[in-house]
Structure formats: C-alpha cells, structure tokens
Amino acid sequence: MRRHLIGWTLLFLLSCGGSAWAADSVCVQCHGGLDGRLSAPVAEWQQSIHADNGIACHDCHGGDPSDFAMAMNPQRGFVGVPDYGDVPDFCGRCHLGVAEDYRDSAHGKALNRGGPQCVVCHQNHHVVKASSDLINPESCSRCHDYERAATVKQEIGDTEMRLTTLERSVAALHRVGIDMETVSGELFQNRNAFRRLFHTVDIDKLKQKKAGVNAELDQVEAQIVEIESELSQRKMIGGILVVLLLLAGAVALLIRQTYHQEEHD
Ligand code: HEC
Ligand code: HEC
Ligand code: HEC
Ligand code: HEC
Ligand code: HEC
C-alpha cells in the first residue's frame with residue numbers, strides 16, 4: 001500500500017514537472033546526438049520562448065516523446081515537417097488570433113504566390129519574444145521595397161513604447177505591495193489586441209484599431225495615476241506622522257528633564 005502511494009506521488013510529481021521533462025524527451029535526447037540539420041533544432045529551440053513556456057518538439061511535430069522506438073510513428077501522432085503553405089495552420093493551432101488576422105491580410109492572401117508565412121519572419125526553432133524589431137530592412141525588403149514596412153513600423157512604435165511604460169509602472173506598484181490585478185488584466189488585454197494587429201499589414205485598419213486601443217490605454221493610465229497619487233499621499237501622511245511622533249518624543253524628553261531638574265532643585 002505504502003509503495004503504491006510513493007509510486008503515485010512520484011508519477012504525480014513527474015507529470016507536474018512538465019517543462020523539465022520536455023527538455024529531457026527522447027526527441028531531444030536522440031536529435032541532440034545527430035548531425036547538422038537534424039541536431040540544429042535542439043540548440044535553437046532551447047533558447048526559444050517556446051522552450052521557456054514548456055512547448056516542446058512533439059507539441060509542434062507530434063509523436064511520442066516518451067518512447068524511443070515509436071517516437072516518430074504516425075500512429076503516435078507524428079506529423080513531421082509542414083510544407084511552406086501549411087505553416088500558418090501548423091502554428092495557428094495555438095496562435096488563433098494571429099493566424100486569423102494573418103489569413104485575411106495581403107501576406108496571407110499571397111501565401112501561394114510567394115507571400116511570407118510565420119517562419120519567414122519568426123524562424124522555426126529560434127522563436128523569440130516578438131517586437132517591432134522584427135520589422136527591419138534585412139527581413140522586409142526581401143520581396144518588396146522597405147517603404148511600406150517602415151510605415152507600419154512607425155505606426156506601431158509609439159503605442160508599443162506606451163505599453164512598455166505602463167507595464168513598468170504597474171510592475172513598480174506591484175513591487176511595493178499594491179494589488180494591481182485588475183489594471184494589469186486590462187493592460188494585458190489591450191496589449192494582446194494591439195500586438196496581433198501587425199499581421200493585418202493594413203495601414204488603415206492599423207490606424208483605426210490603434211485609436212481604439214489608445215482610448216482604452218487612456219483609462220488604464222488614469223487608473224495608474226490615481227493609484228500613484230494615493231500612494232504618494234499615503235507616504236506624505238506617513239511622513240507627517242513620523243515628524244509628529246518625533247516632536248512628541250522631544251516634548252516628552254523636555255518635560256522629563258524639566259521635572260528632574262525641579263526635583264533636584
Ligand atoms: C532514436 C532517434 C530519434 C528519436 C527518438 C526521434 N527522432 Fe526525429 N529523426 C531522427 C532521424 C534519424 C531523422 C532523419 C531520418 C528520418 O526522417 O527518419 C529524424 C527526423 C525528424 C524530423 C524531420 C523529418 C523530415 O521529414 O525531414 C522531425 C521533424 C523529427 N525527427 C522530429 C522528432 C520528434 C518530434 C521526436 C519526438 C517525438 C523525434 N523526432 C524523435 C531520429 C530520432
Ligand atoms: C514552434 C514549433 C516547433 C517546435 C517547438 C519544434 N519545431 Fe522543428 N520545425 C518546425 C517547423 C515549422 C519546421 C519546418 C521549417 C521550415 O519550413 O523552415 C521544422 C523543421 C524541423 C526539422 C527539419 C529541419 C530541416 O532543415 O530539414 C527537424 C529535424 C525538426 N524540426 C526537429 C525538431 C526538434 C528535434 C525539436 C525539439 C528540440 C523541434 N523540431 C521543435 C516547428 C517546430
Ligand atoms: C511579415 C512578417 C511576419 C509574419 C509573416 C508573421 N509575423 Fe508574427 N509578428 C511579426 C511582428 C513584426 C510582430 C511584432 C508585432 C508587435 O510587437 O507589435 C509579430 C508578433 C507575433 C506574435 C506576438 C503577438 C501576439 O499577439 O502574441 C505572435 C504570437 C506571432 N507574431 C505569431 C505569428 C504566427 C503564428 C504567424 C503565422 C500565422 C506569424 N506570426 C506571421 C511579424 C510576422
Ligand atoms: C502547441 C502550441 C504552440 C504552437 C504549435 C506554436 N506556439 Fe508559439 N507560443 C506558444 C506559447 C504557449 C507561447 C508563450 C506564451 C505567449 O507568449 O503566447 C508562444 C510564444 C510565441 C511567440 C512570442 C509571443 C510574444 O509574446 O512575443 C511567437 C512569435 C510564436 N510563439 C510564434 C510561433 C510560430 C512561428 C509557430 C509555428 C512555427 C508557433 N509559435 C507554434 C504556443 C505555441
Ligand atoms: C516572402 C516575401 C515577403 C516578405 C519577407 C515580406 N513581405 Fe510584405 N508583402 C509581400 C507580398 C507578396 C505582398 C502582397 C502583394 C503586394 O502588395 O506586393 C506584401 C504586402 C505588404 C504590405 C502591403 C499590404 C497592403 O494591404 O497593401 C505591407 C505593409 C507589407 N507587405 C509589410 C511587410 C513587412 C513589415 C515585412 C517585414 C516584417 C514584410 N512585408 C515582409 C511579400 C513579402
């Protein structure tokens with residue numbers, strides 16, 4: 001009975017440590033020891049935002065990460081490598097909102113005529129946190145002039161900066177122990193709504209939706225300013241209390257000294 005308990009506990013702990021286990025899957029073990037194009041994905045993936053979030057080889061390619069012999073068997077769900085045109089569906093299983101905007105965009109519609117898909121801009125294994133840095137002449141002038149890319153980047157830049165500043169304020173307030181859950185949630189939603197917009201590559205749509213996001217951010221900012229001024233008020237009251245206490249202490253000391261002196265006289 002006791003043995004069973006230990007066994008189940010171990011199994012439970014193992015299944016909880018999902019991402020540690022993902023790094024140790026048979027896919028990583030075997031591919032890590034192969035050559036060239038077969039082993040390169042391991043090191044690239046290890047530095048990715050996917051590895052950080054426990055998304056492993058088999059989450060994208062399918063297969064059985066616990067069985068050396070059957071790992072790449074289609075019967076265990078192995079799907080292998082997608083064709084160029086299938087990549088948006090392949091990645092879009094998890095990134096639904098982005099994939100939807102992408103499919104409706106000039107890029108998505110040109111997919112079968114040389115339009116770029118996810119991997120062209122984000123890479124396949126070394127996927128990192130996305131930002132407007134991805135919009136640069138090296139990447140965006142492969143197929144057309146950089147002019148239109150630059151316009152998109154300019155359109156995104158100021159709101160991206162605003163989001164970063166607001167996120168810093170929220171983090172700073174959270175650090176001094178203030179409950180920021182609601183504000184943080186609103187900020188997160190707007191950030192997501194804004195960041196998927198890039199994939200429309202439609203300047204008019206971007207401008208229009210950006211105005212909506214900015215209006216919401218005005219409200220978030222107002223809430224942060226209010227919390228900050230409440231905090232500084234509280235600090236001021238605290239400061240005044242400290243001064244008052246010090247004063248009271250000094251007065252008490254003075255009274256005692258006078259009293260002592262009177263006793264000695
Ligand atoms: C025992 C070693 C071994 C294990 C375990 C293993 N692979 Fe492979 N993998 C290979 C070899 C060898 C190749 C190249 C030959 C081939 O395609 O069969 C390969 C090829 C691949 C390819 C490229 C296929 C193509 O069409 O180019 C992918 C993707 C892949 N493996 C993913 C995985 C995933 C995901 C897992 C775990 C679920 C896994 N592998 C487990 C040895 C392994
Ligand atoms: C985020 C999804 C994702 C993850 C996670 C992922 N891959 Fe891939 N992998 C892809 C895509 C997409 C391609 C096809 C690339 C292309 O079209 O450029 C690919 C291609 C490959 C290839 C073929 C490479 C070539 O040059 O022919 C191998 C081998 C491979 N992956 C193995 C792995 C292994 C091993 C892991 C885990 C360490 C892994 N992949 C994790 C998405 C992923
Ligand atoms: C033409 C280049 C390009 C293509 C094609 C592309 N992306 Fe992006 N992606 C970007 C840029 C640039 C950003 C950063 C936008 C920002 O931060 O405002 C981004 C941001 C993201 C984000 C973070 C934003 C969010 O909402 O979480 C995800 C996830 C993402 N892309 C996934 C994908 C997927 C999946 C595909 C394919 C369906 C794809 N991307 C196609 C360039 C591209
Ligand atoms: C099995 C689900 C899954 C698949 C398939 C997948 N991703 Fe992700 N992806 C995630 C998760 C989880 C994160 C981390 C949380 C987040 O930021 O959304 C992430 C993060 C990202 C980010 C960074 C988002 C940011 O906030 O900046 C990009 C870019 C991205 N993925 C692109 C891709 C691309 C390109 C593919 C296909 C090659 C792909 N993903 C396939 C689950 C997946
Ligand atoms: C693999 C080729 C390719 C790459 C790389 C590429 N584009 Fe495009 N882009 C296209 C195609 C194809 C079209 C649609 C046909 C056209 O308008 O020329 C397009 C159209 C556009 C449009 C116009 C959309 C419209 O509605 O008029 C913008 C904006 C744009 N791309 C921005 C970017 C940005 C930003 C990047 C880099 C992050 C980028 N592109 C990278 C192929 C590419």
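Good morning. The C-alpha centres of domain 1 and domain 2 lie 21 Å apart, and I should say at once that the model in which they do so is predicted. The two domains come from the domain assignment of the protein chain, which gives domain 1 as residues 18–78 and domain 2 as residues 82–128. Where they touch, seven residues of domain 1 meet four residues of domain 2. On the domain 1 side of this contact, α4 and α5 are the elements that give two or more residues. The largest share of that side, three residues, belongs to α4. By class, the domain 1 side has three nonpolar residues, three polar residues and one charged residue.

Let me now turn to the chain as a whole. The protein chain holds 14 helices and zero strands. Its overall form departs from a globule: a compact globule of 265 residues would have a radius of gyration near 18 Å, whereas the protein chain has 29 Å. The C-alpha trace spans about 100 × 65 × 30 Å along its principal axes. Of the 265 residues, 14% are buried. As for the contacts with a separation of 6 or more, 59% are between residues 24 or more positions apart.

One helix deserves separate mention. The helix α14 has 62 residues, and the distance from its first C-alpha to its last is 89 Å. At 1.5 Å a residue one would expect 92 Å, and the value in the model is close to that. How many of the 62 residues of α14 are buried? The count is one, and α14 is accordingly described as hardly covered.

I come next to the ligands, beginning with ligand 2. It is surrounded by 22 residues, and the closest are R37, P41, C57, C60 and N124. Two or more residues of this shell come from each of α3, α4, α6 and α7. The helix α4 gives the largest share, five residues. The shell around ligand 2 contains 15 nonpolar, five polar and two charged residues. Why can ligand 2 be placed between the two domains? Both domain 1 and domain 2 give residues to its shell, so ligand 2 lies between them. The helix α4 therefore appears twice in this account: it gives the largest share of the shell around ligand 2, and it also gives the largest share of the side of domain 1 that touches domain 2, with ligand 2 itself lying between the domains because both contribute to its shell.

Ligand 4 is surrounded by 18 residues, of which the closest are D59, C91, C94, C118 and A130. The elements giving two or more residues to this shell are α5, α6, α7 and α10. The largest share, three residues, comes from α10. In the shell around ligand 4 there are ten nonpolar, five polar and three charged residues. Domain 1 and domain 2 each supply at least three residues to the shell around ligand 4.

Ligand 3 has 26 residues around it, and the closest are C91, C118, C121, A130 and L134. C91, C118 and A130 are thus among the closest residues to ligand 3 and also among the closest to ligand 4. At least two residues of the shell around ligand 3 come from each of α7, α8, α10, α12 and α13. Here the largest share is four residues, and it comes from α10. The classes in the shell around ligand 3 are 14 nonpolar, nine polar and three charged.

Finally, I would draw attention to two backbone angles. Most residues other than glycine have a negative phi. What is the phi of Q123? It is near 70°, a positive value, and Q123 is not a glycine. Q123 is placed in the loop between α10 and α11. This residue is exposed, because 12 other C-beta atoms lie within 10 Å, and 12 or fewer is the cut-off for that class.

The second case is V201, which has a positive phi of about 35° although it is not a glycine. V201 is placed in the loop between α13 and α14. Is V201 buried or exposed? V201 is buried, because 20 other C-beta atoms lie within 10 Å, and the cut-off for a buried residue is 20 or more.

Thank you for your attention.

Conventions
Residues numbered from 1 in each chain as written. Chains lettered and ligands numbered in written order. Predicted model: local features only at pLDDT ≥ 70, side-chain atom pairs only at ≥ 80, totals over all residues. Near = placed C-beta within 6 Å. Nonpolar A, V, L, I, M, F, W, Y, C, P; charged D, E, K, R; others polar. Rg over C-alpha atoms; globule rule 2.2 N^0.38 Å. Contact = placed C-beta atoms within 7 Å. Expected span 1.5 Å × (residues − 1). Domains from an automatic or database assignment.
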